[in-house]
Amino acid sequence: MQSHDDPLLQPYQLKHLRLKNRIMSTSHEPAYSEDGMPKQRYRLYHAEKAKGGIALTMTAGSAVVSRESPPAFGNLHAYKDEIVPWLRELADDCHEQGAAVMIQLTHLGRRTSWNKADWLPVISASPIREPAHRAFPKEAEDWDIERIIRDYASAAERMQAAGLDGIEFEAYGHLMDGFWSPATNKREDEYGGSLDNRLRFTWAVIDAVREAVGPDFIVGIRMVADEDWEKGLSKQEGVEIARQIAASGKFDFLNIIRGHIDTDAALNEVIPIQGMRSSPHLDFAGEVRRETKFPVFHAARIADVATARHAVAEGKLDMVGMTRAHIADPHIVRKIMAGEEHLIRPCVGATYCLDRIYEGGEALCIHNAATGRESSMPHVISKASQSKSVIVIGAGPAGLEAARVAASARRQSAR
Ligand SMILES: Cc1cc2nc3c(=O)[nH]c(=O)nc-3n(C[C@H](O)[C@H](O)[C@H](O)COP(=O)(O)O)c2cc1C
Ligand code: SF4
């Protein structure tokens, strides 16, 4: 397929922002932060995707807006002013390569642990424990809610000051959607009960954020539109929330999630792993796009270019998230453009990357040793100045990698 015919390579206009193609990396915390800041390692990791041709990289994963939302997995501290220059440097490097940069903001709600950071009480809509992180949250009181709304607004202001192209709110398994879901909201005040009441916090947050950043800054929401859970948010209510958000004129895109993440088994349905069905929620995201007639982004095991192309060609998505696919190979778009799809290093879905943020404190990829090590290990092997004969002894992972690197240096020098 020629580049000019490829649906994936067509630009996308989001408000004033022209995204150069349809491929993005959705927000994911690789736990490369240092003291809660996106320093060199974080920057080089995103800059590599930008070099590889991606249109939009959504940074952080759950950057926390409040001090009392203790970071659970290396989350960035969006509540600190010192984050601004670090993010500006990251954004500048990506912009230089023509990639847009946004960030995900959140209050983790009950999805964190009681013994992290300052040991402040974990807060949620209702005091219902999350099995995965195991804290017993305190029900958010009026003054908590007011403070957190202000925190969202000032974090958004910081992100705008850093020169980012936009932000998205995280609304699945965290505080914001904790108010939406009947599984986590048992309140009897004006924040519980009817859907209008359960959405009250969301409207207050977006109003405060709009007041802080103005109407032009891009603000989206990564939201669950069906918890697929007996006691949770139904598809009917979830799609209704999407409809109301789209119609409100306050948001610029929806990034659709299906499922719930309070246990590891449930999380696997949202972030499907090896051996599970490919792109299981793509049709659902397409339904939401049809219902809302609003820009829709989505990621969930769209790991190969053919499926991503299908998602755009069939009008299911505006922007396709290929997130772990870019952890495995940050140069996907460049290879598509060069007619080298067959050289893309595939993500197999082992999800070692995600497991490692908890167990090893950093995301690493079983298929690509250079990911997260950009400062010392190149993704693209530079041309050898001189040909050499190399004999590799041993065909374990290290030997095979040595042979691959040697061969790719030779292949480049022969061009
Ligand atoms: C290491 C890692 C951390 C993640 N952290 C977040 C997060 O903080 N917020 C979020 O919305 N999604 C997070 N995700 C989910 C991804 O954004 C994405 O939805 C998921 O990987 C499925 O898309 P994929 O199949 O294209 O990888 C994370 C994923 C990974 C691999
Ligand atoms: S560790 Fe596995 S799932 Fe994660 S990016 Fe690498 S190949 Fe994909």
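A residue is near a molecule if one of its heavy atoms lies within 4 Å of it, and that is how I read the shell around ligand 2. I kept in mind that this is a predicted model.

**Entry: ligand 2**

I looked up which residues sit around ligand 2. I found R324, I327 and A328, then the run C347, V348, G349, A350, T351, Y352 and C353, and finally C365 and I366. Next I asked myself which elements give two or more residues to this shell. They are helix 11 (323-328) and helix 13 (352-359). Helix 11 gives the largest share, three residues. I also sorted the shell by residue type: nine are nonpolar, two are polar and one is charged.

**Entry: strand 5**

I moved on to strand 5 (residues 100-106) and checked whether it is covered or open. It is mostly covered, with seven of its seven residues buried. I then took the two faces separately. A100, M102, Q104 and T106 are on one side, V101, I103 and L105 are on the other, and all of them are buried.

**Entry: the neighbours of strand 5**

What does strand 5 pair with? I noted strand 4 (residues 56-64), which runs parallel to strand 5 and is joined to it by six bridges. One pair I looked up here is M58, whose bridge partner in strand 5 is M102. Following the chain from strand 4, I passed through helix 2 (residues 83-96) to reach strand 5, and this β-α-β crossover is right-handed.

I also found strand 8 (residues 166-171), which pairs with strand 5 in the parallel sense over four bridges. There, Q104 stands opposite E168 of strand 8.

Conventions. Residues are numbered from 1 along each chain as its sequence is written. Chains are lettered from A and ligands numbered from 1 in the order in which they are written. This is a predicted model: local features need pLDDT of at least 70, side-chain atom pairs count only at pLDDT 80 or more; totals for chains, interfaces and linings use all residues. Side-chain values use heavy atoms; hydrogens and water are left out. Ala, Val, Leu, Ile, Met, Phe, Trp, Tyr, Cys and Pro count as nonpolar, Asp, Glu, Lys and Arg as charged, and the others, Gly among them, as polar. Buried means under 20% relative accessible area, exposed over 50%, partly exposed in between (1.4 Å probe, protein chains only). Two strands pair if DSSP finds at least two bridges between them. A crossover is right-handed if, with the strands pointing away from the viewer, the path from the first strand over the helix to the second runs clockwise.
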